[in-house]
Amino acid sequence: MNNSHRRQNSRGRSTVLKVVILGDGGVGKSCLMNRFVTDRFDEHSFHTIGVEFLNKEIELGGETYTLQIWDTAGQERFKSLRTPFYRGSDMCLLTYAVDDPPSFKNLETWRKEFVYYADVKADFPFLVVGNKIDLERRVTTEEAEAWCKENGDLPYIETSAKDATNVEASFMMCLRRWANIEGRQERMPMPDTGLLGIL
Amino acid sequence: MDEELLVYEQDEVHTIPTSQDDLSVSGKLRIIEKRHGVVIEWRYSDDETSTDNEWAVINTAAVTFTHHNVSDSVEISSPRRTVRPISIELVDLRSYKICDNHSLVLIQRDGTTHPALAFHSGSVHCFVEVLLRYVAVKKSEKDGDLYLVSDKRQAAQDQELAAMNLVPSRYGMAGDGGGWSGGGPSGQWTSTHQRVMGFINNLKRDPYTTAAGALSKFYDTVLYSDVEGYVRENDGGEDEVAELFHSLNGFEDLEPGYELLTKKGTLNERPKVERLSPLTHDDFQQYVDDDGRIHDVTPLRDRIFRGGLHPNLRREVWCFLLNHNEWNATHIQREERRRSREDLYYTMKQQWRTVTPDQESRFSGFKERRSLIEKDVNRTDRNHPFYEGEHNLNVTALHDILMTYVMYNFDLGYVQGMSDLLAPILYVTQNEPIAFWCFVGYMDMVYRNFDMDQSGMKQQLKDMQQVVRLVDPELMSYLEIRDSANFYFCFRWLLVRFKRELNYANTLRLWEVLWTGRPCPNFHLLLAVALLDTEKNTIMENKFGFTEILKHINDISLRIDLDATLRKAEAIYKQIASSPNVPDGVRTVLGLPPQEPQQQHKSNKDEDASERRGSGSDEDVGSVNVTEGLGLVGVVSSMIGSAVRHLGGEDMMQASLEAVSGQQQEEGTSHQRRDAEAETEKRFETALSHQFV
Ligand SMILES: Nc1nc2c(ncn2[C@@H]2O[C@H](COP(=O)(O)OP(=O)(O)OP(=O)(O)O)[C@@H](O)[C@H]2O)c(=O)[nH]1
Ligand SMILES: [Mg+2]
């Protein structure tokens, strides 16, 4: 059983994957998305109201994927209007800002909220993102890595939407992880055909 | 690169300013054959010289802000607008609009709606001519400006559909040897209800598949397809229902004795509405007596509703509209009140300013609010000259007012969206304590937007549903079928009262109009309905689903014609207010008196009927009372719509919000393929059996 719907985009050329970016208000979710999709950083862009999404094509292993990136408002208050959008996600970026310890502490809550409402399997492509590394940090890489390890060995990456560090790399990393998990599952019924190569 | 072929190029194609204070940007429009396909591109002309290849930042340096001299200041809106270049692969082009023969709006399949382009030289028709080499284009039958694009693949699909006889033709029915041609009125009637009953029987047998399957087929292939314009040209509702049902179902088991009730033309004509020019200083003085009292507020409110305020009057009159000043007070009393409220403001301001870091470390509720406010004021209208630049004192004032509001109303605290509501007020009043109290007045009107459980917002979305169902059942049915009946795409509009959708000048105009409370409570919902009415054809003819609608709605921000929308919203109000048979739900929302007793009686009878349906035997099954429906779409949608509405049991909104996430990307994919089918199906079946058995 494959949880992700293999949607084709309108012209049937690439697979559409739904990516959800979560994290506290102000950690830089919208900035990460905009940096990735348009390669711009606007220091004073508005905080997000409701939900927005942008599409971006990305290639992996000779295949083109369209990442449909969903960006929502981080404040607790808007939870009930945000969670309906989790279902059908193919991957999830759990984001905090390295200069903002409470946002790091809240990763736990975000992960739970996502798992609960997205109704995903244990083996889901999460990526933990520590943003704003251009600023003075108050959460160490070690702390973050330790948390990731404790929580199912989640992959971790540090970014700066401001100076574009690792932004594309983080989406790529998440996509790879998705492909790995997919590959494992596709192989299951026929363990020895090496489907991953064909995919 | 070398394999690219430039097949069309036009200079001096300008973006169209969204209001008089935006600048238009000149660019080149091109059609290029690339190796992987044909691409349409628009890039601004000085692209080559710009260091930044991607975006242009437009500075309208000519407009400057005159600080502390409000009466002379010009109305200005965001003077910096970023204009993105356009690049669309032709396969992604869904449709385009041509307005007044010279402006072009390109719309993508995913809902992306690009800024309007004007041809200052050349002609839009040359562009279209070249385009036609690659795609087939069909003019919309509903919207004279809209052209729907399809490629060869699409055209082939359409043919396939036609060949499958899913689409009832005007003259004969698929699977019906004899063909349905109407006959006399009585014969027509019998057949109609028989066919309806056949459908209902199928619903009983296999509700989920029948309802969802048939309806999605119906919508995709009949109503909004490019295949046939047949529905639109034909107004006879029953005929169409019969044809439709017949085409989609077997209708083997016909049961006699059921009637299909349809009520046509629920609403009267929508009247024409005119607006006035803004209220000027001299006009205003006529309402004020020598002591400064305003005795008769009603005509003044009416007048402000009709035209808004001249900018130099805002600072004074906003204080009344937002309850900082009392209408019926003298100059002297007003001055006293101002002073005491100013003191009160500074007292509350001192309260949070004297919280020590040590205290704060044990006061997490406070600390969280403070941190969010700090983040948000840094992201509020910073491209407006008033809030521009580092170390801007107005940004500090914004911060301080919001912090003080936290002390004033700690239960509500700070919620995202509030900074958007405050910024224009501070800009207009230019005075910290006054801005605070005006903000308090505004919050008193909209605090439900910020409910802890968001019930105020959910209620408004539900109210939208009710109003749209009445005003435009066709659109409502469409949204239901497309999993969009939750109206979630209106969320931002409603939360900050269109602030993000309008430039500054228009935001100020709209808000003062809304604050008059005219012509009815919740007028802002009618504004949203009017906006949807404007976008309806684009949404429906492009067959947008939930995600596409969301994207389209987000993309049209800053391109809204406020004056036209206000006129339309008021016209809709007048239309509803003058019509009989307006459901009580809508009456409550718009503050209209309850229905006349006679009509009340009638609706009681309807309730009785539905009660009987609820408990009765099989014989009662078919009394399908389609009161709100109009014609074809209404009839079908009321049946299926009510089934769909029951999906979520009590809390329909949540259910349909949840449904959103399960929906799929492609066109035409519908309920059947959704996740959690088993459970949903069960609920659906239960709901249906309540409804029809
Ligand atoms: N220095 C620095 N600042 C950043 C970075 N990313 C974002 N910011 C700033 O952080 C603030 C918040 O960024 P957003 O992208 O709006 O945050 P968000 O997570 O989308 O917040 P909500 O929409 O409120 O949920 C903005 O003022 C950005 O300028 C970064 O990598 N470095
Ligand atoms: Mg955001």
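How far does a backbone N or O atom of Ala161(A) lie from an oxygen atom of ligand 1, and what else is found around this ligand? In this predicted model, the distance from the backbone N or O atom of Ala161(A) to an oxygen atom of ligand 1 is 2.8 Å.

**The site of ligand 1**

Ala161(A) is one of several residues that have an N or O atom paired with an oxygen atom of the ligand, and the table sets three such pairs side by side.

| Residue | Part of the residue | Distance to an oxygen atom of ligand 1 |
|---|---|---|
| Gly26(A) | backbone N or O atom | 2.8 Å |
| Lys132(A) | side-chain N or O atom | 2.9 Å |
| Ala161(A) | backbone N or O atom | 2.8 Å |

On its own, ligand 1 has 660 Å² of accessible area, and the protein covers 94% of that area. The residues around the ligand number 24, and those that come nearest are Gly26(A), Lys29(A), Asp134(A), Ala161(A) and Arg379(B). Because the residues that surround ligand 1 come from chains A and B, the site is shared between chains. When the shell is divided by residue type, 6 of its residues are nonpolar, 11 are polar and 7 are charged. Helix 1 of chain A, which spans residues 29-38, gives the most to this shell, with 3 residues.

**Two helices of chain B and the loops beside them**

Two packed helices are described by the angle between their axes and the distance between the axes. In chain B, the axes of helix 16 (residues 455-471) and helix 20 (residues 523-541) come within 10 Å and cross at roughly 55°. That angle makes helix 16 of chain B oblique to helix 20 of chain B, and the crossing of these two helices is right-handed.

Most residues other than glycine have a negative phi, and most peptide bonds are trans. Gln454(B), placed in the loop between helix 15 (432-446) and helix 16 of chain B, has a positive phi, near 60°, although this residue is not a glycine. Pro519(B), in turn, belongs to the loop between helix 19 (504-515) and helix 20 of chain B, and the peptide bond that joins Arg518(B) to Pro519(B) is cis, with omega at about -10°.

Technical notes
Residues are numbered from 1 along each chain as its sequence is written. Chains are lettered from A and ligands numbered from 1 in the order in which they are written. This is a predicted model: local features need pLDDT of at least 70, side-chain atom pairs count only at pLDDT 80 or more; totals for chains, interfaces and linings use all residues. Side-chain values use heavy atoms; hydrogens and water are left out. A residue is near a molecule or strand if one of its heavy atoms lies within 4 Å of it. A polar contact is a pair of N or O atoms within 3.5 Å; within protein, one must be able to donate a hydrogen and the other to accept it, and residues adjacent in sequence count only if both atoms are side-chain atoms. Accessible areas come from the Shrake-Rupley method with a 1.4 Å probe; for residues, only the protein chains shown count as cover. Helices (H or I, at least four residues) and strands (E, at least two) are DSSP runs, numbered from the N terminus. Ala, Val, Leu, Ile, Met, Phe, Trp, Tyr, Cys and Pro count as nonpolar, Asp, Glu, Lys and Arg as charged, and the others, Gly among them, as polar. Axes are lines fitted to C-alpha atoms, for helices over the stretch in contact, and angles run from 0 to 180 degrees between N-to-C directions. Angles under 35 degrees count as roughly parallel, over 145 as roughly antiparallel, 65 to 115 as roughly perpendicular and the rest as oblique. A crossing is left-handed if the near helix is turned anticlockwise from the far one by less than a right angle, and right-handed if clockwise.
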